[in-house]
Amino acid sequence: MNRRLLLVALILSLIALPMLAACSSSKPAATATPTATPTPTASPDPAAIAQSFLEAIASGNYTSAEAMEDPIMASAAPAAALAQIAQGLVAQYGAYQSLGAPTLAAPPPQATVTIPATFAFAVLDLNVAVSPEGKVVGLHVGSVAYTATSTPADYVNPDSFTESNVTVGSAPWALPGTLTMPKGTGPFPAVVLIAGSGPNDRDETIGPNKPLRDLAWGLASQGIAVLRYDKRTLVYGSQMAQMSNITVKE
């Protein structure tokens, strides 16, 4: 009896082996799923963003310019404020003419792009800060180069005086200045002209106007020597920005 059972079991096992082999061969072989390579995201172009931002302002499309700002910037400089900024620049520097090529003044991630803007009386370096996300986060005016010259007033006699470059003060705060001297033997009375608040030059240039130069020329035409000079905040602006607790004496 046991031998019969053993024989039956052996036969069943021989039958089952081909069936299992067939089943295993019909099942598709497992394959490794390839890992998809993520498509790299293009980084924002700060220069293009800054250019588009200023072009929108220049064309009067202040709403579009505001849409390019991040939430904090948009809160501080919404469309209405951008319009006021544009109008203020025109009032101070004359009619807007064109934008120049952008220059990357500070690299990403917090990029600063400088773009020259030409107005009737001056060329302004407009600095636009762009975040890593491609949003405008800052706008301020950098250097200003005045292009217009004004005709001397009627009270000025250019043949009655001479001008020479001088240095006022000493290192580390030496300042360039101009000494306007009447012609003649002298001695002459003299005045020192000091510009008002802000980083003014020796002429206190505002747009096409140079009031301290006009005063110097007018006084020198009347026999009075005049000294005027660039302010420390103009010549050494970056150094002074790093100072803390600046007193009147300093």
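1. Let me start with Glu 163, which is partly exposed, with a relative accessible area of 37%. Please keep in mind throughout that this is a predicted model. The side chain of Glu 163 meets that of Arg 228 in a salt bridge, with 3.0 Å from N to O. This pair links distant parts of the chain: Glu 163 sits in strand 6 (residues 161-168) and Arg 228 in strand 9 (residues 225-229), 65 residues apart.

2. Is Arg 228 buried or exposed? Its relative accessibility is 3%, so Arg 228 counts as buried. The partner, Glu 163, is partly exposed because its 37% lies between the 20% and 50% cut-offs. Asp 203 also belongs to the picture, as Glu 163, Asp 203 and Arg 228 are linked in a network of salt bridges.

3. The structure holds 4 salt bridges, and another one worth a look joins Arg 202 and Asp 230, whose closest N and O atoms are 3.1 Å apart. Here too the pair links distant parts of the chain, 28 residues apart. Arg 202 lies in the loop between strand 8 (190-193) and helix 6 (211-221), while Asp 230 lies in the loop between strand 9 and helix 7 (232-235). Both Arg 202 and Asp 230 are buried.

4. Next, a salt bridge between neighbours in sequence: the side chains of Arg 213 and Asp 214 meet at 3.0 Å, N to O. Arg 213 counts as buried, with 8% relative accessibility. Asp 214 comes to 21% and counts as partly exposed, because the limit for buried is under 20%.

5. Now to helix 2, which has 13 residues and covers residues 46-58. From its first C-alpha to its last, helix 2 reaches 18 Å, close to the 18 Å expected at 1.5 Å a residue. At its start, a side-chain oxygen of Asp 45 reaches to within 3.2 Å of the backbone nitrogen of Ala 47. What follows helix 2? Gly 60 does, with a positive phi near 85°.

6. The buried residues of helix 2 are Pro 46, Ile 49, Ala 50, Gln 51, Phe 53, Leu 54, Ala 56 and Ile 57. An α-helix has 3.6 residues a turn, so residues three or four places apart point the same way. You may enjoy reading the list of buried positions with that in mind.

7. Gln 51 deserves a moment of its own. With a relative accessibility of 16%, Gln 51 counts as buried. Which residues does Gln 51 touch, leaving aside those up to four places away in sequence? They are Leu 99, Gly 100, Pro 102 and Ile 115.

8. A few words on the protein as a whole. The secondary structure comes to 8 helices and 9 strands, and 29% of the 250 residues count as buried. Among contacts with a separation of 6 or more, 52% are between residues 24 or more positions apart. The accessible surface is about 15700 Å², and carbon and sulfur atoms account for 62% of this area.

9. Finally, confidence. The mean pLDDT is 83, and 82% of the residues reach 70 or more. Confidence is highest in strand 8, at 98, and lowest in helix 1 (residues 2-26), at a mean of 40. Over residues 1-27 the pLDDT is below 50, and this stretch has 0 contacts in the model beyond near neighbours in sequence.

Terms used. Residues are numbered from 1 along each chain as its sequence is written. This is a predicted model: local features need pLDDT of at least 70, side-chain atom pairs count only at pLDDT 80 or more; totals for chains, interfaces and linings use all residues. Side-chain values use heavy atoms; hydrogens and water are left out. Helices (H or I, at least four residues) and strands (E, at least two) are DSSP runs, numbered from the N terminus. Buried means under 20% relative accessible area, exposed over 50%, partly exposed in between (1.4 Å probe, protein chains only). Contact means heavy atoms within 4.5 Å. The expected span of a helix is 1.5 Å times one less than its number of residues. A polar contact is a pair of N or O atoms within 3.5 Å; within protein, one must be able to donate a hydrogen and the other to accept it, and residues adjacent in sequence count only if both atoms are side-chain atoms. pLDDT is the predictor's confidence in each residue, from 0 to 100. Accessible areas come from the Shrake-Rupley method with a 1.4 Å probe; for residues, only the protein chains shown count as cover.
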